[in-house]
Amino acid sequence: MISVNTALIIAKYAFGASVAATTLAAGGLWYFQRALIYPSYVPDGSRKIVPKPIEIGCPYEDVSLTCPDGVKVRAYVIPARIKPLSAQEIRSMGTEERKERASKEMEIWAEEMGNEKATEYAQSRPTVVFFHANAGNMGHRLPLARKFNVDFGCNIFMLSYRGYGLSEGRPSELGIRTDIETAMKYIQAHPILGSTKIVLYGQSLGGAACLYAGSKHKDSVSGLILENTFLSLRTLIPLILPQIPKVLLPILLTEHWDAHKTMTLIPATTPILFLAGRQDELVKPSQMIALRHLRDGGRTRWREFDGGHNDTCLVPGYWEEIGQWLKEEIEDDDGSWGKGSESEKDEGYTEVTHEDAMETKKDL
């Protein structure tokens with residue numbers, strides 16, 4: 001049995017180690033938080049290699065946008081086509097044949113854009129604006145974009161935030177907001193996209209970007225799709241770095257992405273589709289539930305899937321749900337909406353109190 005003095009010494013050093021660990025974690029969060037929050041270098045090569053839409057059979061415009069602060073960011077525009085190249089055709093081709101076909105498709109598409117019928121078709125279809133998550137670049141989301149473009153006949157606008165992909169600058173909340181404003185201004189002035197219904201789609205950080213864009217462009221945004229998105233960084237970080245005292249977060253955090261300041265500004269008549277992964281190991285399900293609580297009384301559809309943070313989009317039923325929502329809420333929307341339909345659209349929503357949703361130690 002150890003003596004009292006020995007026990008006190010052990011406790012003293014244990015406490016010292018705990019304080020040191022907390023201090024290091026807190027200092028690291030303050031100094032390195034942007035590198036931690038925006039790992040644009042992951043996966044390896046993400047700052048140099050950005051896959052192109054034509055590589056998956058989608059002709060496109062490669063766009064460079066200059067933001068008000070002089071930073072240039074890159075984007076893709078993929079118009080909806082009457083007869084897109086099917087996945088089956090692409091799979092049947094060898095590598096060289098695929099390259100040749102890609103070049104040919106770009107030529108065919110250039111001719112199509114001079115055709116009134118093709119232009120009118122693209123103008124009649126919704127435009128999905130992609131805001132990507134905190135790693136990778138817009139090119140890594142091309143398989144998702146193709147689903148919207150080919151399967152659902154949507155125009156696509158994709159953006160690599162500053163400091164991501166081939167875009168200039170370094171990422172920050174203020175900087176990315178500037179990128180979003182520049183992108184939305186471009187979309188609204190685009191000869192095709194500007195006359196379409198705009199749907200914002202985002203996963204994780206991309207969902208927070210959607211909420212910001214939706215709160216600032218209420219009149220031009222027709223709907224939002226949010227997947228595995230957090231309530232705010234202030235509520236998310238304790239789940240990832242529990243050793244940092246919550247009381248220090250308001251002092252340490254320079255990045256916030258707080259949905260309390262954006263979700264509440266989006267009109268109740270704007271439809272929002274929540275897609276939640278029950279097994280999300282990074283953005284705990286409680287975060288999406290708390291986010292849903294902020295939307296109390298708004299035009300909403302909630303769906304849960306047995307997916308994690310990065311693979312919810314691969315779970316059966318995910319794309320069927322999106323397709324149905326697009327048809328019912330965007331394409332067939334007649335502008336009318338009443339509270340009578342909300343309970344039906346919220347089928348599967350986990351009812352909990354706001355206090356439960358904000359409980360960071362509980363994995364709902």
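The following exchange asks how several descriptions of this predicted model are justified.

Me: Why is Thr127 called buried?

Reply: Thr127, which is found in strand β3 (residues 127-131), has a relative accessible area of 0%; because buried means under 20%, Thr127 counts as buried.

Me: What makes Thr127 and Thr196 joined by a polar contact?

Reply: The side chains of Thr127 and Thr196 are joined at 2.6 Å, and a polar contact requires a pair of N or O atoms within 3.5 Å, one able to donate a hydrogen and the other to accept it, so the pair qualifies as a polar contact.

Me: Which residues is Thr127 in contact with, leaving aside its neighbours within four places in sequence?

Reply: With those neighbours left aside, Thr127 is in contact with Asn155, Leu193, Thr196, Lys197, Ile198 and Val199, where contact means heavy atoms within 4.5 Å. In the case of Asn155, the two residues are 28 residues apart in sequence and 4.4 Å apart in space, taken from C-alpha to C-alpha.

Me: How do you know where empty space is left?

Reply: Rolling a probe the size of a water molecule over the atoms shows it. In this model about 750 Å³ of space lies in the largest pocket, and of the 32 residues that line the largest pocket, Asn134, Ala135, Ser204, Leu282 and His309 are the closest to its centre. Two or more residues of that lining are given by each of α1 (4-37), α5 (142-151) and α8 (233-240).

Me: What is the lining of the largest pocket by class, and what is that of the second largest pocket?

Reply: The lining of the largest pocket has 21 nonpolar, 8 polar and 3 charged residues, whereas that of the second largest pocket has 4 nonpolar, 4 polar and 6 charged residues. About 160 Å³ of space lies in the second largest pocket, and among its 14 lining residues Val221, Ser222, Thr270, Pro271 and Asp333 lie nearest its centre. The elements β6 (221-227) and α11 (318-331) each give two or more residues to the lining of the second largest pocket.

Me: Which residues touch the most other members of the largest nonpolar core?

Reply: Of its 59 residues, Phe131, Phe157 and Leu200 do, while helix α7 (residues 205-216) supplies the largest share of this core, 7 residues. Not counting residues up to four places away in sequence, Leu200 touches residues including Val129, Phe131, Met184, Cys210 and Ile225. A second, separate core of 32 residues includes Val128, Met138, Phe152 and Val199.

How values were computed. Residues are numbered from 1 along each chain as its sequence is written. This is a predicted model: local features need pLDDT of at least 70, side-chain atom pairs count only at pLDDT 80 or more; totals for chains, interfaces and linings use all residues. Side-chain values use heavy atoms; hydrogens and water are left out. Helices (H or I, at least four residues) and strands (E, at least two) are DSSP runs, numbered from the N terminus. Buried means under 20% relative accessible area, exposed over 50%, partly exposed in between (1.4 Å probe, protein chains only). On a 1 Å grid over the protein atoms alone, a cavity is a set of points where a 1.4 Å probe fits but cannot get out, and a pocket is an open set with protein on both sides within 12 Å along at least five of seven lines; lining residues have an atom within 4 Å of a point. Grid points are joined across faces, edges and corners, and a volume is the space filled by probe spheres set on the points. Ala, Val, Leu, Ile, Met, Phe, Trp, Tyr, Cys and Pro count as nonpolar, Asp, Glu, Lys and Arg as charged, and the others, Gly among them, as polar. A nonpolar core is a set of buried Ala, Val, Leu, Ile, Met, Phe, Trp, Tyr and Cys residues joined through side-chain atoms within 4.5 Å.
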